[in-house]
Amino acid sequence: MAKEPLITPIMAAPDWTVPQDWDAYTPQDHAMWDRLFERQASMLPDRAVSEFTDGLDVLRMTRKGIPDFAELSDRLMNLTGWQVVAVPGLVPDRVFFEHLANRRFVAARFIRSPEQLDYLQEPDVFHDVFGHVPLLAHPVFADYMQAYGEGGLKADGLGAIEYLARLYWYTVEFGLIRRGDALKLYGAGIVSSHGESLFALDDPSPNRLGFDLKRVMRTRYRIDDYQQSYFVIDSFDDLLRHTVEMDFSPLYRELEGLADLEADTVLPQDKVISRGTQAYALSRGKA
């Protein structure tokens, strides 16, 4: 997702899709995918929600090499009606929402270089496919993503994109979920990152707060480092219900009259699961 205006690349269709061109990947490209996959897959079984690891299996993403989007889409279509489509990079907000609303997940086709092993600014095929696609095999989360896309199209017409972007960031990208007495990872930005997979659950620095829709939409976020706060949902069913049962228009109007909250804020009414020290952010001069 990217802020407009962006100009449609010459090689892209009007909906910004391009062929994946799977045959153009080099052995080095596939080796990079395998290196990233093995590193994450070895640490996530005890950390990620089971629906994520189940998705890796049912979509046969444990096979070596960068997945072929056509094969991946065939399996997803049979499970939840979703497809994976290639795009040249970040796409305009409305294009992004239209794809989600029609059960198409847009994914970059390039893969990072060895120098970008642990961080790159623009999402690559590993982040997009490994991080996002496994949960699209889960019916409830798949419905949430479609509902989010439909909500995004409405928000675009109301000038409320920023509020909805925060919801995406703190759920789809950096969400945690409660499972019994434990917290588990499900956000794509966490499960595709070796460092944040450890930081989000183990480090005393970040706040871990119970999910509240209005609270999340007021909260700014970090795009250049680990998060200072994570929001914890109780279940994917609850997350979907918040999305489909809430009339967002009055909420947007209410939010316009409220000040934004910084990423490290803890309010008296927050459901605090663990209050962070913010030591990491302070050490980086970002608190």
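**Questions on a predicted model**

Q: Which residue stands opposite Val232 in β6?
A: In this predicted model, Leu176 stands opposite Val232 in β6. Leu176 belongs to strand β3, residues 176-179.

Q: How do you know that β3 and β6 are joined?
A: Strands pair if at least two bridges are found between them. Two bridges join β3 to β6, so the pair meets the cut-off. The two strands run parallel.

Q: What makes β5 a partner of β6?
A: Four bridges join strand β5 (residues 207-210) to β6, and at least two are needed, so these strands are paired. They too run parallel, and Leu209 stands opposite Phe231 in β6. From β5 the chain passes through helix α10, residues 213-218, to reach β6.

Q: Why is the crossover from β5 through α10 to β6 called right-handed?
A: The term applies if, with the strands pointing away from the viewer, the path from the first strand over the helix to the second runs clockwise. The β-α-β crossover by way of α10 is right-handed, which means that its path is clockwise in that view.

Q: Why is strand β6 called largely enclosed?
A: A residue is buried under 20% relative accessible area. Five of the five residues in β6, 229-233, are buried, so the rest of the structure largely encloses this strand. The burial covers both faces: Ser229, Phe231 and Ile233 lie on one side, and Tyr230 and Val232 on the other. In a regular strand, side chains alternate between the two faces of the sheet.

Q: What makes the two faces of β4 covered and uncovered?
A: In strand β4, residues 182-185, Leu183 and Leu185 form the covered face, whereas Ala182 and Lys184 form the uncovered one. β4 is joined to β3 by four bridges, and these strands run antiparallel. Arg178 stands opposite Leu183. The two strands form a hairpin with two residues between them, and Gly180 in the turn has a positive phi of about 65 degrees.

Q: How do you know that Trp16 is buried?
A: The relative accessible area of Trp16 is 5%. The cut-off is under 20%, so Trp16 counts as buried. Trp16 is in the segment before α1, and its phi is near 75 degrees, a positive value in a residue other than glycine.

Q: Why is Arg103 called buried?
A: Its relative accessibility is 15%, and the limit is under 20%, so Arg103 is buried. Arg103 lies in the loop between α4 and β2; its phi is positive, about 60 degrees, although Arg103 is not a glycine.

Q: What makes Leu167 stand out in the largest nonpolar core?
A: Of the 87 residues in this core, Trp33, Leu167 and Met217 touch the most other members. The residues that Leu167 touches include Tyr144, Tyr148, Phe211 and Phe248, not counting residues up to four places away in sequence.

Q: What makes up the lining of the largest pocket?
A: The largest pocket holds about 1200 Å³ of space. Of its 47 lining residues, Gln121, Pro123, His127, Trp169 and Ile223 are the closest to its centre. Helix α7 gives the most to the lining, with five residues.

Q: Why is the space of about 40 Å³ called a cavity?
A: A cavity is a set of points where a 1.4 Å probe fits but cannot get out. The largest cavity has a volume of about 40 Å³, and the search of the whole structure finds one cavity of 30 Å³ or more. Among the residues lining the largest cavity are Phe199, Pro206, Tyr226 and Tyr280.

Methods: Residues numbered from 1 in each chain as written. Predicted model: local features only at pLDDT ≥ 70, side-chain atom pairs only at ≥ 80, totals over all residues. Heavy atoms only, no water. Buried < 20%, exposed > 50% of the residue type's maximum accessible area, 1.4 Å probe, protein only. Core = buried A, V, L, I, M, F, W, Y, C linked by side-chain atoms within 4.5 Å. Contact = heavy atoms within 4.5 Å. 1 Å grid on protein atoms, 1.4 Å probe; cavity = no way out; pocket = protein on both sides within 12 Å on 5 of 7 lines; lining within 4 Å. Points joined across faces, edges and corners; volume = space filled by probe spheres on them.
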